[in-house]
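This report looks at the surface and the internal spaces of one protein model, beginning with a patch on its outside and moving on to the spaces between its atoms.

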Amino acid sequence: KVDAVFVTELRRTRDTAAPLCRQRALKPTTVKAGETAALVAQVRALPKDAVAVVVGHSNTIPEILAALGIKEKIEVRDDEYGRVFIVLPAADGAAGLLELEY
């Protein structure tokens with residue numbers, strides 16, 4: 001289940017999300033790469049049971065994760081493309097993190 005997809009204005013994020021959007025008949029929401037607060041506000045505005053996919057950049061992912069409540073410091077190198085972070089929000093505002101790699 002995917003309810004919303006967020007990408008930046010840069011082509012790589014749009015291209016990364018394109019197959020998922022086609023498969024799910026979703027139109028991605030574009031948020032400028034440097035506007036983490038706006039992105040997180042849109043994610044938080046979704047229904048509580050919504051599943052959102054955010055395609056970010058090595059320099060924006062750590063900030064996005066922190067803004068979503070992840071306390072652990074995450075670093076992403078410029079040459080890392082196979083990491084997937086799943087944020088599991090808790091009722092108290094905290095969040096859990098599951099990291100996958102492909």
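Val84, Leu88, Leu98, Leu100 and Tyr102 make a nonpolar surface patch of about 500 Å². Such patches are made of residues with over 30% relative accessible area and no salt bridge, nonpolar side chains (Val, Leu, Ile, Met, Phe, Trp, Tyr) being joined within 5 Å; a salt bridge is a side-chain nitrogen of Lys or Arg within 4 Å of a carboxyl oxygen of Asp or Glu, and accessible areas come from the Shrake-Rupley method with a 1.4 Å probe. The model is predicted, with local features needing pLDDT of at least 70 and side-chain atom pairs counting only at pLDDT 80 or more, while totals for chains, interfaces and linings use all residues. Residues are numbered from 1 along each chain as its sequence is written, and side-chain values use heavy atoms, with hydrogens and water left out.

At least two residues of the nonpolar patch come from each of β4 (83-89) and β5 (95-101), strands being DSSP runs of E of at least two residues and helices runs of H or I of at least four. Tyr102 lies in the segment after β5, and Tyr102 counts as exposed because its relative accessibility is 70%, where exposed means over 50%, buried under 20% and partly exposed in between.

Turning to the internal spaces, a cavity is a set of points on a 1 Å grid where a 1.4 Å probe fits but cannot get out, whereas a pocket is an open set with protein on both sides within 12 Å along at least five of seven lines; lining residues have an atom within 4 Å of a point. Volumes are the space filled by probe spheres set on the points, which are joined across faces, edges and corners. The structure holds one cavity of 30 Å³ or more.

| Lining | Nonpolar | Polar | Charged |
|---|---|---|---|
| Largest cavity | seven residues | three residues | two residues |
| Largest pocket | 29 residues | five residues | eight residues |

In these classes Ala, Val, Leu, Ile, Met, Phe, Trp, Tyr, Cys and Pro count as nonpolar, Asp, Glu, Lys and Arg as charged, and the others, Gly among them, as polar. The largest cavity has a volume of about 60 Å³, and its lining includes Val7, Lys32, Glu35 and Ile64.

The largest pocket holds about 1,400 Å³ of space. Among its 42 lining residues, Ala52, Val53, Val54, Phe85 and Val87 are the closest to its centre. β4 gives the largest share of this lining, seven residues.

Definitions and conventions
Patches are made of residues with over 30% relative accessible area and no salt bridge: like charges are joined within 9 Å, nonpolar side chains (Val, Leu, Ile, Met, Phe, Trp, Tyr) within 5 Å. Buried means under 20% relative accessible area, exposed over 50%, partly exposed in between (1.4 Å probe, protein chains only).
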